[in-house]
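Please open the model in your viewer and keep the selection tool at hand. This tour proceeds from one selection to the next and describes what is found at each stop.

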Amino acid sequence: MTDVSRTHARRGVFMVLGFGLLLGSLRLAAQETRPPSPASFDPVVATNAYLATVAGEDRARSNAYFEGGYWLQLWDFLLGVLVNLVLLGTGLSGRMRNLAERLVRFRPIQTFLYWVQYLLLTTVVLLPMTIYEGFLREHRYGLANQTFGPWMGDQAKELAVGLILGGLAVSALYGVVRRLVRTWALWGAVAAMILMMLSVLIAPVYIAPLFNKYTRLVDPAVSSSILSLARAEGINARDVWVFDASRQTKRVSANVSGFATTMRISLNDNLLNRCSLAEIEAVMGHEMGHFVLNHVYKLLLFLAVVIAIGFALVKWGFERVTARKGAAWDIRGVGDTAGLPLALILLSTYFFVLTPVLNTYTRVVEAEADLFGINASGQPDGEALADLKLGEYRKLDPSPLEEVLFFDHPGGRNRILMAMKWKAEHLVEAEANARRAAEGDRQRGWSPESAQAWGREHEPARGK
Ligand SMILES: [Zn+2]
C-alpha cells in the first residue's frame, strides 16, 4: 500500500505497544480465567474439511464455469480487435466520421455522433457473443434467474447509458487530445480520472436503480446486527442498502459503490435470504473493510497511473501505425474520431497484457477487506461458508499461477485458510459469535431449508 498508510500503520503499532504495556497488568487477571486454546485446531485441516464439502458434480461445474471464463477473456479481446480492424480496413470508420461532419458543424457533437454510430454498430455485431456469454452460458451453469425478454431489456438500458455517458466521455477526451497535441496522454489521464470519479459518484443514485430496486436495510432481524457492526466501524447506518439482485441472478453478492456523499454499502437479496446471519456478518464486514480502508479512492488513483501509461503507449503506437496506414484507413490524425477503433485496439491490447497486474492489485485489496471483515465480524466460519457459496461462480482451489493470472479476488482456499487462521487464535470468541448469530437466525425464521426454498422461488419460469 501507500507510504502514508505504512506510516500510519507504524505509528499504530507503537501506540498499541504502549497501551499493551500500560494495560499488561490488568489483562493478566482476565487471561487466567480464559480457557487455553486447544492445540488440536489446525487451520489447514479445517480448510480442507470445508473445501471437501463442495465435491463431485458441483465442484466440476464451478471449475468449468470459471475456467471457461479464462478463454472468454481471450476471445472477447480478439473479437474486439477484429471488429475494430474491419471498421478501419473497410473505410467504414472514415465514412462514419464523414457522416457526422455532414450532419453538424460543432466538433464535440461530431465526436458524439461518431460514438453513437460506433457503439450501435459494434453492439449489433457482437450481440451473438453477448447473448452467449451473458444469457445462454449463465443459464447453462444455473446462475441466471432472468428470462430472455427482461434480460434484453437490461441490455437495452445498458446501451442507452453507454450511448449517453460514453458519448460525453469520448467527446471530452477527444477535446483534450485536439487541444493538447503533445501532452494529451497526461491530461487525458487526468480527464479520465475526473470522468471516472463523476461516474462512480452518480452510479448508485442514477444508474444502479435503472436495473434494480434499492431500499434501505430495515429487516429488523438482520439490521440490528449489521447496523451494530457498521456503528462499531464508524460507518453511518444510512449507508447500508438492499437490492433485488434475484431479478437477474442466483449469485450471492454485496458491494461498496459511490464516491464521497453517495458512497454506500449494498447487499443483495440472495445474500440476505440464502445465507445465515454469520455469513451475512462476515460478508458485510468485508464490504465495510472496503469502505473504511478507502479502497474506492485508492483504486481510482491506481487506475489514473495505469491509464496515463496506457495513453502514452497509445500515443506512441498510434503515431507509428498511422505513419504507414493512416492514408489507407482515412485517419487524419490522433484527434480524428475515425481513428477511435485504432486507439481502442492499442488500449485494449495494453489492458489485456496487464490483466495479471490489475487482478493482483484488486486481489490484494480484497484480501485486506477479508481480513478486516473477519476481525470486524468475528465470524470465521461464516466467512468460510460464504466463500463456499461464492465458489458457485469462482473456482475454489486454483493453482498459485492461476490465481495470479486470473483471480481478481483470492481463491476459495486462501480465503477460507485466512479465516481458519483467525479462528485458531480466537476459538472462544468465534464460538460465542456463532451462537449469537444462530440465535438471530432463529428469530428471523431462517434455516437452510428456507434458503433453498428462496432459491427455487426465484428460478426463471419455464417456457417463457
Ligand atoms: Zn470485496
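Begin by selecting alanine 419, which is found in helix α17, residues 412–425. The model you are viewing is a predicted one. Is alanine 419 buried or exposed? Its relative accessible area is 0%, and because buried means under 20%, alanine 419 counts as buried. Now add alanine 384 to the selection: the two residues are 35 residues apart along the chain, and their C-alpha atoms are separated by 6.7 Å. To see the contacts of alanine 419, display Ile374, Pro380 and Glu383; this list leaves aside its neighbours within four places in sequence.

Next, select serine 377, whose place is in helix α14, residues 355–377. Serine 377 is buried, with a relative accessible area of 5%. Which backbone atoms lie by the polar side-chain atoms of serine 377? One is the backbone oxygen of glycine 373, at 2.8 Å from a polar atom of that side chain. Another is the backbone nitrogen of glutamine 379, at 3.3 Å from a polar atom of the side chain of serine 377. If neighbours within four places in sequence are left aside, serine 377 is in contact with Leu229, Glu281, Ala282 and Asn433.

Remain in helix α14 and select threonine 355. Threonine 355 counts as buried, at 16% relative accessibility. Apart from its neighbours within four places in sequence, threonine 355 is in contact with Gln73 and Leu405.

Now display helix α14 together with helix α12. How are α12 and α14 arranged? They pack at an angle of about 165 degrees, with their axes 12 Å apart. That angle makes α12 roughly antiparallel to α14, because angles over 145 degrees count as such. The crossing of the two helices is right-handed. To view the contact, select His295, Lys298, Leu299, Phe302 and Val306 in α12, and then Leu358, Tyr361, Thr362, Val365, Glu368 and Ala369 in α14. By class, the residues of this contact divide into 7 nonpolar, 2 polar and 2 charged.

Keep α12 (residues 295–325) on display and add helix α13 (residues 340–353). These helices pack at an angle of about 135 degrees, with their axes 9 Å apart. The angle makes α12 oblique to α13. As with the previous pair, look at the handedness: α12 passes α13 in a right-handed crossing. On the α12 side, the residues making the contact include Val306, Ile307, Phe311 and Phe318. On the α13 side, they include Leu342, Leu346, Tyr350 and Phe351. The contact of α12 with α13 has 14 nonpolar, 3 polar and no charged residues.

Move now to the loop between α12 and α13, and select aspartate 330. Most residues other than glycine have a negative phi. Aspartate 330 is not a glycine, yet it has a positive phi of about 60 degrees. At 31% relative accessibility, aspartate 330 counts as partly exposed.

For the last stop, select alanine 260, in the loop between β3 (254–257) and β4 (264–268). What is the phi of alanine 260? Its value is near 50 degrees, which is positive in a residue other than glycine. Alanine 260 counts as partly exposed, at 45% relative accessibility.

Methods:
Residues are numbered from 1 along each chain as its sequence is written. This is a predicted model: local features need pLDDT of at least 70, side-chain atom pairs count only at pLDDT 80 or more; totals for chains, interfaces and linings use all residues. Side-chain values use heavy atoms; hydrogens and water are left out. Axes are lines fitted to C-alpha atoms, for helices over the stretch in contact, and angles run from 0 to 180 degrees between N-to-C directions. Helices (H or I, at least four residues) and strands (E, at least two) are DSSP runs, numbered from the N terminus. Angles under 35 degrees count as roughly parallel, over 145 as roughly antiparallel, 65 to 115 as roughly perpendicular and the rest as oblique. A crossing is left-handed if the near helix is turned anticlockwise from the far one by less than a right angle, and right-handed if clockwise. Contact means heavy atoms within 4.5 Å. Ala, Val, Leu, Ile, Met, Phe, Trp, Tyr, Cys and Pro count as nonpolar, Asp, Glu, Lys and Arg as charged, and the others, Gly among them, as polar. Buried means under 20% relative accessible area, exposed over 50%, partly exposed in between (1.4 Å probe, protein chains only). A polar contact is a pair of N or O atoms within 3.5 Å; within protein, one must be able to donate a hydrogen and the other to accept it, and residues adjacent in sequence count only if both atoms are side-chain atoms.
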